[in-house]
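Let's take a friendly walk through a protein model, one part at a time. Have a look at the picture before reading on.

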Amino acid sequence: MTALHLSRFSSLRAFGHRNFVHVWTGALVSNIGTWMEILALGVFVTTVTGRAEATGGIAAITYIPALLLSPVAGALADRFDRRTYVAVGTLLHALLAGILTVLAFTGHLTVSAVAVVSFLNGCVSALTNPAFTALVSELVPPEDLHSAVSLNSAQFNLGRITGPALAAVVLSTHGIAWALLVNTLSFIAVLVALSRVRPTAKASTLSRDELWPGIVRGARVAREDPGIFLAMMGTLTMCTLVAPFIGLVPVYAIRVFHQGAAATSLLVTAQGIGAVIAAVVLGPLVARVGRQRVLEGCLLFIGPVAALYWMAPTLHLAALAMVGLGWLYMATLTGLNTLCQLRVPRELQARIHSLYSMMLGVGYAVGVWAQGALADRIGVRFVTASCAVLFLALVLTLRLLRPRAFDATEAPSKLVPAVSPNPAVRLEGSDF
């Protein structure tokens with residue numbers, strides 16, 4: 001597809017850059033494997049323990065390392081070649097996936113082993129994710145960054161659609177070991193993609209800050225910039241109160257609807273479908289009504305839709321609500337992430353994203369564990385739906401008491417020059 005054709009579809013314009021296409025494709029293959037592993041382990045833990053707290057706890061363990069490691073990861077990623085940095089992280093992920101695979105094939109897979117490997121995976125992810133996001137941002141020009149972030153989320157959610165469906169088939173025919181093996185092999189696609197990425201001019205601009213001063217500088221920018229600060233607090237709150245719907249899907253399917261891997265796969269796939277639809281329509285929607293209004297609308301609606309999902313009387317109605325929830329969740333995180341990246345220069349992007357990842361990880365870890373623990377004592381529907389309503393109440397309170405709070409998302413940043421808001425601008429420097 002030519003740059004001219006892509007310019008008509010603002011959500012797809014990042015596909016006009018060859019380096020981005022390589023990374024996007026490799027990440028998609030890997031994420032299909034990752035979602036196979038997530039579903040397989042979620043069903044395994046829920047079935048073995050029968051406790052929502054255990055399932056939520058395993059999901060939380062993966063994100064706990066972000067609390068300490070994300071700021072360090074951002075400073076490191078701004079100092080080293082990001083392609084090499086991501087490649088090392090990918091190799092470590094493959095090693096950990098291989099350990100789970102061997103344990104499963106030999107009959108030694110336990111909940112404790114899953115917990116340990118999940119924690120180590122969380123450490124690697126916390127150290128690698130800021131570099132990957134910053135790498136994506138340097139593969140496209142600023143005017144195509146929203147497209148790149150949306151498409152990056154889309155490939156993650158395409159993996160969410162395909163991976164669970166494949167996992168359900170593999171689990172029913174060959175068992176958990178083979179699902180874990182597919183994930184281990186999927187990391188090869190990322191390494192091949194990274195080997196085909198050609199260096200860009202932006203890639204040569206590395207931070208000269210020392211590690212600790214670099215961390216402090218990133219934290220100061222996040223605190224002082226009103227747009228970034230709003231994005232950070234919005235991410236923390238949403239991930240605590242709403243995002244646990246992701247980790248608690250196996251509990252919902254098994255405990256409420258009394259079904260197993262197939263129902264879990266249906267709900268996870270429904271979320272992915274909603275997210276992919278969002279990736280396609282989000283660019284034109286932002287171009288039409290503005291980033292501020294889209295983000296504000298997503299924050300207002302995600303709570304009620306999450307509550308509808310949790311209170312759905314049947315599995316199929318829950319899946320339908322999950323499509324809408326997946327749309328809103330993807331659109332909200334894309335808006336918040338893009339806001340952070342656009343308001344800082346390249347040399348600060350990984351550090352700011354690391355802080356964003358920390359808010360996301362800490363909020364999700366606390367939320368999914370706490371809601372899982374309360375669900376065992378009070379009930380899944382009551383706890384999760386109440387948290388969704390509480391999030392809506394907080395957003396409405398902010399909207400009523402500080403009606404101009406969201407203006408910070410459109411206010412110009414003092415750190416970077418303004419970029420063209422025209423979504424139809426032609427691609428510059430495209431490889432196609």
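Here is a short tour of the model, starting with its confidence and moving on to some helices.

## How far to trust it

This is a predicted model, so local features need pLDDT of at least 70 and side-chain atom pairs count only at pLDDT 80 or more, while totals for chains, interfaces and linings use all residues. Residues are numbered from 1 along each chain as its sequence is written, and side-chain values use heavy atoms, with hydrogens and water left out.

The score pLDDT is the predictor's confidence in each residue, from 0 to 100. For the protein chain its mean is 81, and 87% of the residues reach 70 or more. Among the elements (helices are DSSP runs of H or I, at least four residues, and strands are runs of E, at least two, numbered from the N terminus), helix α8 (residues 176–195) has the highest mean pLDDT, 94, and helix α1 (residues 3–6) the lowest, 45.

Residues 1–8 stay under 50, with 14 contacts beyond four places in sequence; a contact means heavy atoms within 4.5 Å. Residues 417–432 are also below 50, and that stretch has 34 contacts beyond near neighbours in sequence. Where pLDDT is low, don't read the predicted coordinates in detail.

## Two enclosed helices

Helix α2 (residues 18–49) has 32 residues and reaches 46 Å from its first C-alpha to its last, close to the 46 Å expected at 1.5 Å a residue (the expected span is 1.5 Å times one less than the number of residues). In α2, 23 of the 32 residues are buried, so the helix is largely enclosed by the rest of the structure. Buried means under 20% relative accessible area, exposed over 50% and partly exposed in between, using a 1.4 Å probe and protein chains only. Just after α2, Gly50 takes a positive phi of about 70°.

Helix α11 (residues 249–256) is largely enclosed too, because 6 of its 8 residues are buried. Which residues of α11 are buried? They are Val249, Pro250, Val251, Tyr252, Ala253 and Val256, and they pack against α2, α3 (52–63), α12 (261–289), α13 (291–310), α14 and α16. Just after α11, His258 has a positive phi of about 55°.

## A residue in α14

Asn337 sits in helix α14 (residues 315–342). Is Asn337 buried or exposed? Its relative accessible area is 9%, so Asn337 is buried. Leaving out residues up to four places away in sequence, Asn337 touches Thr133, Val149, His353 and Tyr356.
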